[in-house]
Amino acid sequence: MPRTETANRTAPRRRTRTQRLTDRALALDPGLVKTDGALRTLVAVPAGMAVGYVIASAFGLPAILGVMIGAMPAFITCLVIVDPSTGRTAARTGAVLVPFVVALAGSIALQPFRLLELVLIVVLLFVQFAAASWGVWAADAAIVGFAGYLCGLLLPLPETSVVPLGLVVAGSLAVTIVVRLLFRPDPHRALLRTRRGFVARGSDVLEAAASVLAAGAVGAAADDQRARRRALRRLGRARDRYHEIALTVDGMLAASGVDADTTAEELHRLVFDTHFAIDELGRAAGALVEQGAPSDVRHAALRAVTLVLRHGGSHGQEAAHTLLARYGITASAADDGSRTTAIVRRMAAEFADLRSAGLRWRELRDELPRHGAGVPFATPVILAGGRPAGAVPVVADAVAEGPWRRWHLTASLRTAVHAAIAVAIVEPLALLLDGSRFY
């Protein structure tokens with residue numbers, strides 16, 4: 001049978017265009033969490049602006065002032081406050097009313113003391129970054145307080161406007177809470193969508209591996225050689241993208257807890273096992289082609305990869321048996337010491353591991369809690385103290401390295417110092433260049 005006909009028969013079954021577009025969206029935005037956040041912001045900010053317009057007009061303030069102040073708290077809270085609990089989201093959103101209004105009133109009161117006002121912005125910027133390690137409530141207050149202070153710093157506001165602007169902020173936060181209740185996130189559904197995006201990226205790697213195995217071998221015609229190089233470059237890009245989404249998904253999973261019943265730790269392990277198996281299969285496919293493995297070996301590997309692409313990772317054991325049988329070796333046979341044999345054995349082992357991971361993914365899909373904080377998934381990648389929440393101590397040790405180590409400063413505190421020093425240097429220069437546009 002001609003080689004081209006064999007390749008066509010063993011080519012992977014293509015996903016439909018709609019499936020590919022959906023999977024691509026889920027791969028670019030795991031769980032669609034960025035899309036959900038953008039949708040909430042798209043609705044909450046105009047609602048806050050509308051409330052600000054109405055309240056400002058009722059108190060005789062310029063309408064544009066109400067619109068600007070009304071938009072700020074809605075935008076900031078949608079950006080920084082993300083919590084799986086609807087009640088905590090509403091409480092955290094309502095709680096930032098106090099720091100925003102206090103900071104706004106303070107900046108208005110300090111307008112006659114311009115130098116002091118500018119010095120305080122450096123202090124507030126330092127607090128904003130340092131508060132990242134003080135807990136979510138302190139971090140919320142610091143970020144929103146800085147935004148409120150900035151509004152008073154940049155806008156020429158009279159002291160008599162503090163009360164009506166405080167009502168604008170309160171109204172904006174109230175409608176933001178209502179909007180977020182209507183568009184509340186669903187961690188369980190987001191987790192399943194994230195898994196689908198993760199699987200889609202893995203399928204991209206396997207499809208690229210199949211293309212490499214079906215491409216021309218070393219020493220073939222020039223056209224086949226170019227096709228082989230293109231396929232290898234595509235495989236490299238697919239593996240790079242798979243590395244990225246694996247890191248993102250691992251960061252989005254909740255931190256492993258000490259409770260033996262939690263599934264968070266197993267999910268982290270499953271992400272790693274699945275990523276390692278698929279990436280190794282892609283690497284092995286490239287190695288077989290680059291070292292000029294015989295065509296029967298490449299076709300055997302292609303049939304095994306195609307089997308997994310068509311029927312899922314749960315057929316990994318069948319793919320391993322297919323590969324070993326067509327290659328003429330078994331798991332117990334003596335290794336002849338060749339590089340090709342070692343790669344084939346490695347691929348067979350990874351196919352078996354992929355089957356175990358695929359079966360466990362299916363089991364966990366039914367076992368995972370569907371509501372509340374028990375869902376082991378946090379929609380954003382949360383950084384605690386400059387490192388992923390729940391990171392192992394070795395990460396904290398690595399973060400602690402550097403020229404600041406002797407002062408035993410945390411990552412968030414170092415960031416705060418860097419930001420404050422940078423602003424303290426740049427701000428006077430900006431004032432000298434154009435005092436009206438210094439910020």
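**Exercise 1. The nonpolar patch**

In this predicted model, determine which residues make the nonpolar surface patch of about 530 Å², then place Ile 425 in the secondary structure and classify Ile 425 as buried or exposed.

*Solution.*
Step 1. The patch is formed by Ile 421, Ile 425, Val 426, Leu 429 and Leu 432.
Step 2. Ile 425 belongs to helix α17, which covers residues 411–433.
Step 3. The relative accessibility of Ile 425 is 53%. The cut-off for an exposed residue is over 50%, so Ile 425 is classed as exposed.

**Exercise 2. A salt bridge within helix α10**

State how many salt bridges the model contains, and examine the pair Asp 204 and Arg 201 for its N to O distance, its separation along the helix and the burial of each partner.

*Solution.*
Step 1. The criterion requires a side-chain nitrogen of Lys or Arg within 4 Å of a carboxyl oxygen of Asp or Glu. The count under this rule is eight salt bridges.
Step 2. Asp 204 and Arg 201 form a salt bridge through their side chains, with an N to O distance of 3.7 Å.
Step 3. Both residues lie in helix α10 (residues 187–214); because they are three residues apart, about one helical turn separates them.
Step 4. Buried means under 20% relative accessible area. Asp 204, at 9% relative accessibility, is therefore buried, and Arg 201, at 6%, is buried as well.

**Exercise 3. The network around Glu 280**

Identify the salt bridges that Glu 280 makes with Arg 283 and with Arg 346, locate the partners in their helices, and name the residues of the network that contains them.

*Solution.*
Step 1. The side chains of Glu 280 and Arg 283 are joined by a salt bridge of 2.8 Å, N to O. The two residues are three positions apart in helix α12 (residues 264–290), about one turn of the helix.
Step 2. Glu 280 also forms a salt bridge with Arg 346, at 3.7 Å, N to O. Arg 346 is in helix α15 (residues 339–367) while Glu 280 is in helix α12, so this pair ties together parts that lie 66 residues apart in sequence.
Step 3. Glu 280 has a relative accessible area of 11% and is therefore buried. Arg 283, at 33% relative accessibility, counts as partly exposed, and Arg 346, at 35%, counts as partly exposed.
Step 4. A network of salt bridges links Glu 280, Arg 283, Arg 346 and Glu 350.

Note on methods
Residues numbered from 1 in each chain as written. Predicted model: local features only at pLDDT ≥ 70, side-chain atom pairs only at ≥ 80, totals over all residues. Heavy atoms only, no water. Patch = residues over 30% accessible without salt bridge, like charges linked within 9 Å, V, L, I, M, F, W, Y side chains within 5 Å. Areas by Shrake-Rupley, 256 points an atom, 1.4 Å probe, with all protein chains shown as cover. Helix = DSSP H or I, 4+ residues; strand = E, 2+ residues; numbered from the N terminus. Buried < 20%, exposed > 50% of the residue type's maximum accessible area, 1.4 Å probe, protein only.
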